[in-house]
Amino acid sequence: MSVYDLIIRNGNVVFPGEVKKADLAIRDGVIVKIDDRLEANAVQEYEADGQHIFPGMIDVHVHFSEPGRVHWEGFETGSQMMAAGGCTTYFDMPLNGIPSTIDREALLEKGKIGEAKSIIDFGLWGGLVPGNVDELEALAKSGVIGFKAFLSATGNEEFERADDFTLLHGMKKIAELGKVLALHAESDPITQWLKQEKEKEGLFSADDYAATRPVQAEAEAVERAIAYAELTGCPLHFVHISSGLAIEKIEAAKQRGLDVTVETCPHYLLFNQGDLVKKGAVAKCAPPLRASEEQQKLIECLMEGKFDMISSDHSPCPYEMKDPEVHNLFEAWGGISGGQFSLMSMIELAGSYGIPLYKVAEWTASGPAERFGLSSRKGRIMEGLDADLAIVSLDGIHEASETNFFAKHKQSIYLDHTFPCQITATLSRGKMVYRNGEPIVSGQGEWVKVTDSIEVKN
């Protein structure tokens with residue numbers, strides 16, 4: 001008989017295109033055998049009867065603010081939180097740390113910290129900002145996943161929005177490097193003008209805030225970025241898209257053959273502008289939560305296959321930056337804290353709308369892996385790939401609370417929400433990193449690098 005490190009038995013395995021009961025054998029962090037019934041032994045066994053085994057989520061959009069702002073969120077608490085949500089790989093955005101990840105030195109510093117503290121694997125984005133186009137090649141050669149730019153103000157003085165000339169020069173260079181540019185697509189002139197109009201009138205309510213970042217601001221920025229991509233040949237990835245109109249423009253670009261992908265976030269699908277009115281700054285993000293009619297359009301777009309992936313856009317901060325006793329809604333930090341809840345959110349939506357569970361795996365795992373060059377190792381449950389797994393009970397429930405939310409700060413729009421499922425265990429390259437309600441901090445994550453569009457391993 002073969003001896004494996006671990007056999008997971010009798011799980012309902014979420015494969016591409018189907019869910020099937022099977023046993024999984026793991027050796028040296030890799031899935032080495034899949035069968036209906038493995039007649040073999042292992043150092044350890046895990047009985048998964050009645051549970052579903054998903055590929056570990058790959059969350060391409062999180063903000064861990066280390067170095068420099070570890071008091072917001074760092075690799076240690078952030079990775080434990082992600083593991084508790086069935087995530088096994090995340091990509092950290094370049095803007096909230098000090099320094100921002102806009103040159104090779106800053107990238108290597110952040111990578112070193114992540115390797116020391118993260119309990120699951122991670123990738124790093126580089127930034128495109130005014131003045132750093134000449135840094136992009138060194139960042140690409142050092143393994144960034146891709147590059148991130150903002151078309152509207154970032155709220156962070158260390159990371160400026162990209163003006164049109166920076167975008168054009170940067171997109172030309174990124175195309176030459178074979179990388180992808182991720183864009184926060186909101187029109188800065190539109191949003192700033194509307195904000196000034198509201199401020200002049202002394203209007204600072206939740207509805208006023210939402211009115212300063214309308215669907216038109218997102219759609220205009222998307223359309224402009226697509227036009228620049230056609231000129232430069234740059235692959236694009238649109239982050240946290242929140243409107244049906246923007247999706248129409250992205251779909252049209254895809255039909256013309258442009259290399260474009262798009263994500264949305266669970267908070268746009270589960271919540272709406274009414275939750276912003278009710279909960280205030282804890283529900284503030286940009287783009288804002290939309291009206292319920294727009295929320296329903298997004299769900300329809302999801303069901304029609306118009307989103308390539310789901311990400312959390314986990315963007316935490318200390319409570320005092322959102323405290324309504326200190327800041328009005330315009331002044332409060334904008335960002336949703338909730339990376340732990342993405343996979344459970346999508347399982348909830350799947351149950352509500354009759355969506356097959358293998359579609360959830362596509363949005364949360366295989367789609368990100370294929371887009372960003374990780375599919376040779378991650379994103380699916382198959383022999384030869386990393387044993388990155390989320391084991392989920394569809395019979396249990398998870399009521400989000402301060403005690404079971406593992407982010408550094410415990411304020412979230414998701415608190416008190418009850419999910420109709422429960423993450424029972426998470427494995428990163430075959431190592432248990434979360435089980436029975438607690439992260440297991442003995443695991444050590446790897447910095448997953450992509451060089452010249454080909455993944456490399458440390």
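Which residues lie nearest the centre of the largest pocket? The views below are taken from a predicted model.

**View 1. Centre of the largest pocket**. Ala153, Thr154, Gly155, Ala286 and Gly334 lie nearest the centre of this pocket. They belong to a lining of 37 residues. The space in the largest pocket comes to about 690 Å³.

**View 2. Elements that line the largest pocket**. Strand 10 (147-150) and helix 5 (188-200) are the elements that each give two or more residues to the lining. Helix 5 makes the greatest contribution, with 3 residues. Sorted by class, the lining of the largest pocket holds 16 polar, 12 nonpolar and 9 charged residues.

**View 3. The second largest pocket**. This pocket has a volume of about 200 Å³. Its lining consists of 17 residues. Nearest the centre of the second largest pocket are Ala281, Val282, Tyr319, Lys322 and Pro324. The lining divides into 8 nonpolar, 7 polar and 2 charged residues.

**View 4. Helix 1 and its surroundings**. Helix 1 spans residues 75-84, and 9 of its 10 residues are buried, so the helix is largely enclosed by the rest of the structure. Buried here means under 20% relative accessible area. The buried residues are Phe75, Thr77, Gly78, Ser79, Gln80, Met81, Met82, Ala83 and Ala84.

**View 5. The residue Gly86, just after helix 1**. Gly86 takes a positive phi of about 80°. This glycine follows just after helix 1, the helix that has Ala83 and Ala84 among its buried residues.

Notes. Residues are numbered from 1 along each chain as its sequence is written. This is a predicted model: local features need pLDDT of at least 70, side-chain atom pairs count only at pLDDT 80 or more; totals for chains, interfaces and linings use all residues. Side-chain values use heavy atoms; hydrogens and water are left out. Buried means under 20% relative accessible area, exposed over 50%, partly exposed in between (1.4 Å probe, protein chains only). Helices (H or I, at least four residues) and strands (E, at least two) are DSSP runs, numbered from the N terminus. On a 1 Å grid over the protein atoms alone, a cavity is a set of points where a 1.4 Å probe fits but cannot get out, and a pocket is an open set with protein on both sides within 12 Å along at least five of seven lines; lining residues have an atom within 4 Å of a point. Grid points are joined across faces, edges and corners, and a volume is the space filled by probe spheres set on the points. Ala, Val, Leu, Ile, Met, Phe, Trp, Tyr, Cys and Pro count as nonpolar, Asp, Glu, Lys and Arg as charged, and the others, Gly among them, as polar.
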